[in-house]
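Colleague: I am new to this structure and should be grateful for a close look at a single part of it, namely chain B. Please describe that part and place it in its surroundings.

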Amino acid sequence: MADYLRQLPQGSADLARRPSAASRFHIDVPLLVLLLALTSFGLLVLYSASGQSSAAVIRQGQYFLVAYVVMIVAAQIRLVTYMRWAPWFYLGGIGLLVAVIFVGVGAKGAQRWLSLGGFRFQPSEILKILVPMTVAWYLADRVLPPRFKYIVVSLAIVGLPAVLILRQPDLGTALLIAASGLFVIFMAGIGWRYIFGAAVLAVASAWPAWLFVLKDYQKQRILTLLNPESDKLGAGWNIIQSKTAIGSGGWSGKGWQSGTQSQLDFLPESRTDFIIAVLAEEFGLRGVLTLVALYLLILLRGFWIGLNAKTSYGRMLAGSLTLTFFVYIFVNMGMVAGLLPVVGVPLPLVSAGGTSVVTLMAGFGLLMAISTEQRIADY
Amino acid sequence: MPQAIALKDPVRESRIYSARTLTAVLIVVMALGLIVARYYSLQITHYESYRTQSERNRVQLQPLPPKRGLIFDRNGVLLADNRATHILSVVRERVPDLEATLTRLGELVPISDRDLDNFRKKLNRRRPYEAVPLRFRLTEEEQAVLAVNRHELPGVVVDAQLLRHYPHGELFSHALGYVGRINEEEALFLDERDYRGTFHVGKVGIEKYYEDTLHGEVGYQNVETNAHGRVLRVLERYAPTPGEDLTLHLDINLQRTAYEALGEQRGAVVAIDPKTGGVMALVSTPGFDTNLFVNGISSANYSELRDSLDVPLFNRAVQGQYPPGSTVKPMMGLAGLESGLVTAQTTVPDPGWYRLPGDSRRYRDWILKIRGTGHAPEVDLHMAIVESCDVYFYDLARKLTIDKMYDYLHPFGLGERTAVDTTNERRGVLPSTRWKRDALNQPWYPGETLSAGIGQGYVLTTPMQLAVATSVLATKGEHRTPRLVRSRGSELVEAPLQPPVVATEAHWNTVHEAMRDVVHGERGSARSIGKDIPYEMAGKTGTAQVIGIAQGEVYREEEVAERHRNHGLFIAFAPYAAPTIAVAVLVENGGGSSAAYPIAREVIDTWLLGADAG
C-alpha cells in the first residue's frame, strides 16, 4: 500500500481517500506549523540580539531554508532505507571522527572540524542522528526489553563516538550524542534496575571523573556555576550577566530591542548560546512561557508520532530524537539561567548557527518519515 | 533471526513503549517545570534586585571634576589657568587581562615606570568602574594611535581633562607654588567625595594654601555606558561648581623686575604695600618651571632640581632664614629711644672696635678693616644708622640687654611667622635668654648680646619678616599680616592687623630721617642708589656673615669661597613722605649690601615710575 501511494503520479492524488499536498510530500503539518512558529520567533529575537543586524537575520534565514529543505528531503526517504543504511553510515561517521584526530582543524583549543575544499564541517554533528539510528537498528529486531548483552553492545555503539568527541574536546556534543543513544535504550524498555544501577555508578564515578577526565576549563565551568561571584570578571561574568538579563526582564520584558543587558553588550554570546537571555530580558517571563509552550507542543507531537509508529525502529527513533531535542532545551535554558554548568549547547532553532539547525531539522525530517510511514500504514 | 522474530511480542513491546513514553513525558514536563520555576524565580521573585543590578550595569555615576579657580595678578594678568589635555585611563572592571593591556598600551604610547607606579597605587583606591588615569598629556599623535587600536583595548578610555598651566612658570614659581598629582598621603586627608575625578591638588604656595577656594565643588552625571565602558548618553547631570578665582596683590611688573634684577644670583625679594599688607612681589631665585610638576615631574628633572647646589625648590623668601645684619639697626635705634637709654643726641666713642667691661675681646666694626679706625670719634644715632656704625649698636645692645631687645623687636614680627598666606613659612629666631635656655639649654653670654645688636649671632629672619618689619617702620607702627591674595571671587581678603608698634612720633621721625640719609645722605651706606633718584627713599643696608670670624682674623672677601661670602641685604620704603611700598632684598653670598640695594631701587622705580622707568 505504501509503495503504491508513493508511486502515484501527482495528478491522481484524489485516488487516496484523504489526499493532500502535505501527505503527498510526507509532511507532518502540526510539526511543520510549530517549527515555523519557533523559527520565526527565533529570527525575531536574533534581529534584536544581533544589534538589529539584517545581515545576521538573513544569514540565519538562509540556514533555516537549507534546513527545511533537508528536513523535507529527509521526510521523503522510507524508514526502511534509513534502517538498512544506518550501520554503514555509522561506520563512516566513526571514520570521520578518527580523521578529525589526524587531519582536523582546530578552533579555540579544540579540534572539531574537517576541512574539505574550503568547506568546513563538524563530523560530530552527523553522529547526533547516526547514533540513535544505529542503536535503534541494532535493537529493532531483538526481543524487547533488551537482554544484558544487547545493552552492552548498544552502549558500545553509543560510547565509541561519545569518547572520540569528548577527546576533541567537546563536552556538550558528547553529552548530546550519548543521550541520544541512551534514550533509544531507554525507550526500548530497558529494566529500571539497569537505570538505577547506572545512576548509582554515575554518582560514584563523579570523583574519579573530576580528577582524571574533566579538563580544567570544564571544572572551572562547574565551579563557576556553584559560585559565580568567585570570579566576577572571568568565567563568572557570563553567568552573572545572563542572570541579570533574565531577572531584569520581569514579567513583561523591557521590550523588543530595548534590553539594556543585550543591547549594551553586557551579555556575552547573545546571538548564540545565551540568546534565551535576550528573549527573557526583552519579552519577559511571558516570552519565556511562550517559547517553552512551543517547545512542549513540539515535544508532545514527537512523542505522539512515536506512540503511533508501527515498527519498533520508528518508535525508538522517534522517542530518542524527541528526547534529544528536549535535552537541548533543558541544558541550554538551564545553563543560561545558572542551573547547569556552561556547556556549548545552543538553544535549538533559536540560537544563531548553521550546523545544529541542519542536524535538528534532519532529525525532524526523520520524525516526519516515521509519521508518514505510520499514516500510510493506516490506509 | 527467525528465532528472534518468533520470540518478539509486538503487543508487549508497544505497551512497554507507551509506558516509557509516559515516563518520558512526565520527566519532560517536570524538567520544563523546573526551568520555568527557575525563570519565574529570576524574573518575578528576584525581579527587583536584578533590575537594580542591570541599572547599575548600564548607568554609571561619573564625577564631574570642578574647574580649578584661575589666579590673576593685581592688573588682571593671568598667572595660572587650565588647559585641556588628554588623559589615558583604564577601567579595571572592563579589562579582561590588565597586564596584557598595560603591555600593549606601553607598546602604543610611552608610559614611564613612574606613570605605572602611580597608576597601580591609584588602582587600589579606586571605586568600582572608576577610570584610573595612566598617562597624562597625550599628544595628538598618541591619541590617534590609541583611537585606531581602541577595538583591541576594552576598558581603555581617553578623555579630555583640564590641567593646570602656568604661563609664567619660573617667574612666579615660589609666589604661586604649583599643583601636582594627588599622592597616597594626601589621599588620606582629602575628602574623598570632593576629589572624585580630580587628580591634582595644590602642593605648595598659594595653590596649596587656597586649595579649598580654588578647588570648587564636584558635580556628578549619570551616564549610560555599554559593557566596554563607552559612554552612550548622559541621563542626568549635576554641574560642578567651579573653584573661585583669586586675584593677587602681586604685580607682574614688580615680580619681573625683581626676578631679572636678581638675575643669576641666589636671593629673594619681597615687596609689601604698607597700607594694605598686600605682597606685591615675592621672588626667590633660582626659580623653576612649575609646569614640570603638574603631571608628575620626571625623575631626571626632579633630581636635577633637588640636587642642585642652588636649591631652586627652596623658597628663600619665606623659608630662608638669614641673619638680618645691620637691617635691624633702625628698629634697635627706635628701641633705644623708646627705652630712654639713649636720645638722638647721645653719642658713643668709636675707635672702630668695642670692648665689654672686664673682657679683652675686641668686637670689631666693619669699617675697621677699610679705614683702620672708626666712623668718627663720637657717633650719634643718626650717624650710626646712616653709616651703619656697629660700635654704637654694640653699646646700645649692652645697655638694652638681650631680653629688652626681644621685647622691642618682637612687635615688628621678628622671630614669629608672619602668617602670610602661603606654605612652608619659617619663623626665624629672635633670641632671648629664655630662648637660648629652651632651645640650646645654655645660659646667655653678654658677648652674644653685642652680636644680636647688629643682627648677627643667633638672630635669623626671613626676607618676608624683614619686609613686614620694613612695612611697620614705614607706617610708623601699623603691623599688618602680609597677604598675597587680594580677593577670592568678589570677596576681598583682609590683611588682619597685628598689635601695633607704639612709639613717640619724634622717635619715628629720628629713625626715618636716618634711613632717608642712608640713601640720600652724603655718607649714606647706600648713597650710590640715591644719585639722580626722582623721589625720596628710606632704607637700611645689611651684611650678614655666613661664617664666623675668629678672633684676630680679618674677613677678606676675595679669599673666601663664593658660598662663604657674606649675604647682602637691604630694606627700604618709598616715597619717604607717604610710603606705598616696602621692600626687603636678600642676595645670598652677594658679598655685601651693595649687591642688594640696586635691586631695591629697580623694584621701587618700577613701582613708582612705571614698568618702563627702570
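**A close look at chain B**

Modeller: A suitable starting place is Thr401(B), which sits in the loop between helix H17 (390-400) and helix H18 (402-409) of chain B. The phi angle of Thr401(B) is near 70°, a positive value in a residue that is not glycine. In general, most residues other than glycine have a negative phi, and most peptide bonds are trans.

The second half of that general statement leads to two further places in chain B. Thr285(B) and Pro286(B) are joined by a cis peptide bond, with omega about -5°. Pro286(B) belongs to the loop between strand E12 (278-285) and helix H12 (291-294) of chain B. A cis bond also runs from Ala574(B) to Pro575(B), where omega is near -15°. Pro575(B) is located in the loop between strand E22 (567-574) and strand E23 (581-587) of chain B.

These are features of a predicted model, and the confidence of the prediction should therefore be considered alongside them. For chain B the mean pLDDT is 89, and 95% of its residues reach 70 or more. An exception is the stretch of residues 1-6 of chain B, over which pLDDT stays under 50. For this stretch the model has three contacts beyond four places in sequence. Where pLDDT is low, the predicted coordinates should not be read in detail.

Another loop of chain B is connected with a database annotation. The unreviewed UniProt entry lists Asp350(B), Asp365(B), His375(B) and Cys389(B) under "binding site". These residues span 40 residues in sequence, yet no two of their C-alpha atoms are more than 8.8 Å apart, so they gather at one spot. One of them, Asp350(B), is found in the loop between strand E13 (347-349) and strand E14 (353-355) of chain B.

Charged side chains offer a further view of the chain. Side chains of opposite charge can pair when their charged atoms come close. Within helix H4 (residues 98-108) of chain B, Glu107(B) and Arg104(B) lie three residues apart, about one turn of the helix. Their side chains form a salt bridge, at 2.8 Å from N to O. Over all chains, the count of salt bridges comes to 34.

The surroundings of chain B include chain A. The contact draws on 44 residues from chain B and 59 residues from chain A. Together the two chains bury about 4400 Å², of which 71% is on carbon and sulfur atoms. Of the area that chain B buries against chain A, Tyr17(B), Arg20(B) and Tyr39(B) supply 19%, more than any other three residues.

Across this interface there is one salt bridge. In it, Glu13(B) pairs with Arg315(A), and their closest N and O atoms are 3.9 Å apart. The interface also holds 12 residue pairs in polar contact, with both residues at pLDDT 80 or more. On the side of chain B that touches chain A, the elements giving two or more residues are helix H1 (2-7), helix H2 (10-45), helix H3 (47-58) and strand E8 (219-225) of chain B. H2(B) gives the most to this side, with 24 residues. By residue type, the side of chain B that touches chain A divides into 23 nonpolar, 11 polar and 10 charged residues.

The confidence in the partner chain and in the complex completes the description. Chain A has a mean pLDDT of 85, and 88% of its residues reach 70 or more. Among the elements of chain A, helix H1 (residues 2-6) has the lowest mean pLDDT, 47, whereas helix H14 (residues 275-308) has the highest, 95. In chain A, pLDDT stays under 50 over residues 1-6 and over residues 8-16. For the complex, the predictor gives an ipTM of 0.89 and a pTM of 0.67.

Technical notes. Residues numbered from 1 in each chain as written. Chains lettered and ligands numbered in written order. Heavy atoms only, no water. pLDDT = per-residue confidence, 0-100. Contact = heavy atoms within 4.5 Å. Buried area = accessible area lost by both parts, 1.4 Å probe. Salt bridge = Lys/Arg side-chain N within 4 Å of Asp/Glu carboxyl O. Polar contact = N/O pair within 3.5 Å; in protein donor to acceptor, adjacent residues only side chain to side chain. Helix = DSSP H or I, 4+ residues; strand = E, 2+ residues; numbered from the N terminus. Nonpolar A, V, L, I, M, F, W, Y, C, P; charged D, E, K, R; others polar. UniProt positions renumbered as here; feature names shortened; annotations may be inferred.
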